[in-house]
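Please open the model in your viewer and keep a selection panel at hand; the tour below moves from one selection to the next.

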Amino acid sequence: MDVAAQFLVAGIGLGSLYALFAYGVSLVWSVSRTLNFAHGEMVMAGVFASIVALSLGASPVSSILTAAGLSAVLGLCLYKGVYQPLSRRGSSPLVWVLGIVVFAALVRDVSSLVFETGTYPAPIAVGGDGLVSVGSVVFRAAYVWVFLISAGAAAAMEWTIARTSFGRAVRATAASRETAELMGIHTEKVTALVFVAAAVLGTLAGILIAPLTFVSVSFGWVLTMKGFTAAVLGGLGRGKGALVGGLLLGVFEQLLTLGEFAASDGASHLFAAGYRDAAIFLLLILVLVWRPSGLVPALGTDTRGTKR
Amino acid sequence: MIYGCSRDSDELTVAVVAPLSGENASSGVKAVEGARLAAESLAAREAMGGRKIRIVSRDERKANPASLLSDLVRRDRPVAVIGLSSSAVVSASGPLAREGIPALVIWGSAGKLDVKAPVLRLGPSNAALSERVSRWLVTARGLKRVAIAASSDEKGSDGAKAVSRAVSRLHGDVVASVSIDPDALDMTTVAQGLQSSGADALVIWAPPRAAARLCLAVRAIGWDVQIAGSDDLVDPEFRVLAGGSSDGVALALPDISPQRWLGPALRDWLGDYHRRFTVLPIADQRTLVTALPYSAITAYDAVNAVADAARRAGKKGDIRAELAKTKSFDGVLNDYRFVSREAFEVEDLRISRFYNFSLLSDVDEGADVAEQIAFYKVQVSGFFLSDEYLESEEGRELSERVLEDVLNDPDSVDFFKPYRHPLPAPGKI
């Protein structure tokens with residue numbers, strides 16, 4: 001029972017982290033209707049920047065600001081260099097996605113030139129790598145931070161989108177760029193800000209998890225996949241959806257690992273790691289069949305994703 | 001046209017097919033480096049009678065094994081192919097067998113080697129390694145309840161099965177067996193699950209970085225369990241990443257004679273290698289840890305074995321046939337015997353463990369710890385200090401002092417902390 005509780009808590013912690021990546025994916029989708037395949041690569045570059053800054057003697061706060069700064073620049077480059085020119089030319093969404101994939105490859109290749117195939121342990125910037133005990137349940141201290149930041153980010157995202165003029169601009173841009181522009185909203189500025197905010201938010205999440213894992217150039221792809229899966233599970237374009245999707249993904253992953261321990265007879269692997277991924281993608285397909293717009297529907301849509 | 005020789009020059013092509021990206025990239029990249037160093041060294045010594053060896057490499061993760069090897073054979077026409085464990089060379093040696101191109105496998109190999117392909121194995125097999133590790137845990141140390149955590153690639157799953165069979169045969173119990181997901185962001189719950197199985201020994205059969213993450217998680221939850229692992233863990237990446245968590249981790253390695261281990265050939269080789277390739281990454285991560293690039297040394301020896309066969313064959317002879325006939329080769333790391341498909345019998349393997357800043361073979365009978373510590377001197381002085389500095393009075397004093405500290409009280413020296421003072425900043429020699 002204790003072990004099950006530990007897996008559940010870890011699932012919530014990891015799920016909160018996935019939610020932080022999913023927010024970025026969701027935000028960009030809401031204003032551009034584009035899947036940002038470069039999300040993880042920008043996070044990876046930002047986390048590397050924080051490691052380098054720390055190793056050069058920067059304080060933790062300075063290292064986080066450095067990481068946030070680099071990812072903000074990359075987010076802006078992605079918008080100015082890829083999305084904006086292609087959207088102005090009226091290119092199809094497929095061309096945008098291809099442009100973003102090329103941008104991601106560029107960031108990855110440049111990072112490879114600097115960091116090669118090496119793997120780097122990340123020094124502790126925030127949260128610590130210690131353990132917290134609640135009764136007999138032991139979990140990573142970093143998860144407390146991750147959960148608080150993730151829940152705070154979800155609330156802030158919901159509040160910003162619902163209550164602020166910037167949020168209204170985002171909603172208007174998401175609903176119809178043309179109409180928003182006719183109403184005087186500078187949609188390009190709004191979209192650029194969203195690209196930057198998504199990259200910075202993802203990088204903060206990356207810095208939180210980096211001490212628990214190691215950082216390598218392939219780090220970004222894993223984050224992209226987790227963020228996409230969580231965002232699609234919960235429903236693209238919604239803060240609450242990202243949180244729900246992230247938590248569901250994190251808990252489901254941990255339950256699969258728990259199931260492996262529970263069902264293992266000790267003599268052989270019950271599930272290879274690859275089957276866990278298969279199970280996760282099966283869950284994703286089931287959710288999409290049942291609720292195409294994700295588990296948390298957008299305002300004005302029914303559960304099947306059609307507009308009322 | 002002779003295989004491996006280009007039309008306009010006497011160049012022999014040797015291919016290295018290894019993981020150059022992903023989890024096992026560290027070993028793969030080092031293998032390529034070792035092979036290049038051998039080619040450069042042969043060229044500098046003009047040891048090939050006017051001929052040169054050209055090294056080409058392929059990332060086995062970029063294509064499926066059969067098509068990768070077919071493409072390699074068609075484009076580069078190598079005289080030999082060097083591969084790591086679980087590599088394309090092992091899993092799909094068909095294209096090599098068809099052309100009679102010998103494969104040299106330099107690491108504990110998992111797959112069934114193609115009987116038609118001429119294969120020279122320079123490292124112990126997975127079966128021999130797992131048998132030796134299991135025997136030590138269950139019989140020598142009396143740790144009967146064994147948990148296994150393995151990667152889900154060919155080597156990991158094969159190793160998990162081999163350990164499981166060996167433990168059962170030795171009347172031990174495998175109390176848990178799980179696969180490690182290298183993409184999992186946190187391994188704490190895996191460590192907790194393994195701990196809850198009541199195991200008193202944990203065998204990790206996984207690439208260095210996944211193994212390092214699990215070691216860190218095991219020690220982070222305060223689980224004081226004997227950890228043993230596959231030969232992958234000898235890759236310096238494991239120690240650099242796992243840091244102090246790797247202390248006490250045991251693994252089976254070929255029993256290399258003290259004369260060879262401590263001799264000038266290996267010492268000079270290490271100096272050459274680190275001068276040529278070592279780029280230490282980030283200042284804060286620099287630690288004094290054992291940096292024995294096993295896959296690089298073995299790849300170096302493999303290329304020299306090819307060169308030796310080329311010399312025997314002469315300019316007109318069939319190098320491939322000569323290489324396939326090779327029964328032994330005296331390399332830098334070992335005196336290799338290719339009398340059977342097993343390069344090393346279980347008895348030829350020695351249990352070593354990571355201790356403080358090096359790898360200590362002190363758990364088997366007959367191990368001379370003092371001799372091994374003398375070898376550390378080579379490492380301490382050879383890897384991190386420049387020749388100019390070592391020749392200075394201060395350098396000599398420093399080197400002696402470090403060794404004296406280690407010899408008198410090994411626990412007093414924390415080699416896992418960044419070494420700034422009094423050692424000068426580490427870097428290229």
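Begin in this predicted model by selecting helix α1 of chain A, residues 2-32, where 31 residues carry the chain 45 Å from the first C-alpha to the last, close to the 45 Å expected at 1.5 Å a residue. With the surroundings switched on, α1(A) proves largely enclosed by the rest of the structure, because 26 of its 31 residues are buried, each having 20 or more other C-beta atoms within 10 Å of its own. Step just past the end of the helix to A:Arg33, which follows α1(A) and has a positive phi, near 55 degrees.

Next, select helix α8 of chain A, residues 187-209. Its 23 residues should span 33 Å at 1.5 Å a residue, and its end C-alpha atoms are indeed 33 Å apart, so the two values agree. This helix, too, is mostly covered, with 18 of the 23 residues of α8(A) buried.

Now turn to chain B and colour it by pLDDT: the average is 76, and 69% of the residues score at least 70. Among the elements of chain B, strand β8 (residues 201-205) has the highest mean pLDDT, 94, whereas helix α14 (residues 369-384) has the lowest, 57. Select residues 279-290 of chain B, over which pLDDT stays under 50, although the model has 42 contacts beyond four places in sequence for them. Then move to residues 412-429 of chain B, where the pLDDT is also below 50 and the model has 34 contacts beyond near neighbours in sequence. Where pLDDT is low, the predicted coordinates should not be read in detail.

Finally, zoom out to the whole model, which scores ipTM 0.80 and pTM 0.80.

Conventions:
Residues numbered from 1 in each chain as written. Chains lettered and ligands numbered in written order. Predicted model: local features only at pLDDT ≥ 70, side-chain atom pairs only at ≥ 80, totals over all residues. pLDDT = per-residue confidence, 0-100. Helix = DSSP H or I, 4+ residues; strand = E, 2+ residues; numbered from the N terminus. Contact = placed C-beta atoms within 7 Å. Expected span 1.5 Å × (residues − 1). Buried ≥ 20, exposed ≤ 12 C-beta atoms within 10 Å, placed from the backbone.
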